[in-house]
Amino acid sequence: MDKLPSGVRRAEQSDIAVASSLVAAAEYCGSYEIWSPTRWYGAGTLVGYKGRVWERLTSGSGGEPGVSFIWTDRGACPAPPPPSLDLSSLSPRGELLLTTLTPTLTAQATSVSGAVLNYEFDVCPAHIQQGPECVSSGQLSNGVNKWKVPTGALKWSAQYQWRVIVTV
C-alpha cells in the first residue's frame with residue numbers, strides 16, 4: 001500500500017478486513033532505516049534492527065547487528081508517535097449483503113488534537129484498488145463523515161470494497 005504523509009491515516013473497509021497503513025510497531029525505529037542484509041553501509045551509518053539502533057563500525061554489507069562485531073548497539077529505538085487519529089467505527093461492515101445500490105458509507109474518527117477531520121470515500125469492485133471502475137466522494141470537508149454512493153455506480157450481484165481516507 002502506498003505511503004501516506006504524516007498525520008494521514010488510511011482505513012479500508014472491504015469484505016476481507018479493516019486495514020491501516022500505519023507502520024507496524026515492531027518495524028518502527030524513528031527516522032532510522034531498517035537494516036537489510038543485502039545493503040552496503042558506510043562506517044558510522046545508523047540503522048534500526050529488532051527494536052535497537054545500531055551503528056556500523058566498518059564499511060560493507062552483511063553482518064547482522066547483534067551477531068556481528070561490525071555493529072555496535074546505540075540503544076533502544078524511539079517509541080512510535082501516538083496515532084494522531086483514532087478510527088472508531090465504519091459502516092456498513094464488511095461481508096454484508098446490502099439491499100440498496102446507493103448505500104450510505106459512514107466513518108467516525110477523532111483527532112488527538114481535537115482538529116476537524118476531512119473524510120474521503122472510495123468504492124471499487126472487489127480486488128481493485130483504483131481505476132475507472134471506482135467512484136470517489138472526493139475530500140469532504142468540515143467534518144462531514146457520511147457519503148451516499150451515487151446512483152449508477154453499483155450493480156446488482158457484484159462484490160465491492162470501500163475505503164475511507166481521514167485527514168487532519
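Guide: Two strands count as paired when DSSP finds at least two bridges between them. Strands are DSSP runs of E with at least two residues, while helices are runs of H or I with at least four; both are numbered from the N terminus. The model is predicted: local features need pLDDT of at least 70, and side-chain atom pairs count only at pLDDT 80 or more, whereas totals for chains, interfaces and linings use all residues. Residues are numbered from 1 along each chain as its sequence is written, and side-chain values use heavy atoms, without hydrogens or water.

Visitor: What makes β5 and β6 a pair?

Guide: The cut-off is at least two bridges. β5 (residues 46-49) and β6 (residues 52-56) have four, in the antiparallel sense. Val47 has Trp54 in β6 as its bridge partner. Leu46 stands opposite Glu55 in β6.

Visitor: What joins β5 to β6?

Guide: The two form a hairpin with two residues between them. Lys50 sits in the turn, with a positive phi of about 50 degrees.

Visitor: How do you know that β6 and β8 pair?

Guide: Five bridges link β6 and β8, in the antiparallel sense. The definition asks for at least two, so they pair. Glu55 has Thr72 in β8 as its bridge partner.

Visitor: In what order do the strands of this open sheet lie?

Guide: The order is β3-β5-β6-β8, four strands with mixed pairing. β3 (33-34) and β8 (71-76) are the edge strands.

Visitor: What makes a strand such as β3 an edge strand?

Guide: β3 and β8 each pair on one side only.

Visitor: Why is β6 called largely enclosed?

Guide: Buried means under 20% relative accessible area, exposed means over 50%, and partly exposed lies in between (1.4 Å probe, protein chains only). Four of the five residues of β6 are buried, so the rest of the structure largely encloses this strand.

Visitor: What makes a group of residues a nonpolar core?

Guide: Its members are buried Ala, Val, Leu, Ile, Met, Phe, Trp, Tyr and Cys residues, joined through side-chain atoms within 4.5 Å. The largest such core here has 17 residues, and Tyr119, Phe121, Val164 and Val166 have the most contacts inside it. At least two residues of this core come from each of β9 (85-91), β10 (104-111), β11 (118-125) and β14 (160-167). Another core, of seven residues, lies apart from it; Val47, Tyr49, Trp54 and Ile70 are among its members. In soluble globular proteins, nonpolar side chains tend to be buried together.

Visitor: How do you know that Cys29 and Cys77 form a disulfide?

Guide: A disulfide needs two cysteine sulfur atoms within 2.5 Å. In this pair, S to S is 2.0 Å. Cys29 is in the loop between β2 (18-20) and β3, Cys77 in the loop between β8 and β9, 48 residues apart. Both cysteines are buried. With -85 degrees about the S-S bond, their link is left-handed.

Visitor: Why is the disulfide of Cys124 and Cys134 left- or right-handed?

Guide: Its S-S torsion is about 120 degrees, so the link is right-handed. S to S is 2.0 Å here. Cys124 lies in β11 and Cys134 in the loop between β11 and β12 (135-140), so the pair ties together parts 10 residues apart in sequence. At 4% relative accessibility, Cys124 is under the limit and therefore buried.

Visitor: Is Ser31 buried or exposed, and why?

Guide: Ser31 has a relative accessible area of 76%, so it is exposed. Ser31 lies in the loop between β2 and β3.

Visitor: What is notable about the backbone of Glu95 and His127?

Guide: Glu95 is not a glycine, yet has a positive phi of about 65 degrees. Its place is the loop between β9 and β10, and with 66% relative accessible area Glu95 is exposed. His127 is not a glycine either, and has a positive phi of about 70 degrees. His127 lies in the loop between β11 and β12 and counts as exposed at 63%.

Visitor: Which peptide bond is cis, from Ser91 to Pro92, and what makes it so?

Guide: Omega is near 0 degrees for that bond. Pro92 is found in the loop between β9 and β10.

Visitor: How confident is the predictor?

Guide: pLDDT is its confidence in each residue, from 0 to 100. The chain's mean is 82, and 83% of its residues reach 70 or more. Among the elements, β2 has the lowest mean (29) and β13 (residues 146-148) the highest (97). Residues 1-26 have pLDDT below 50.

Terms used: Contact means heavy atoms within 4.5 Å.
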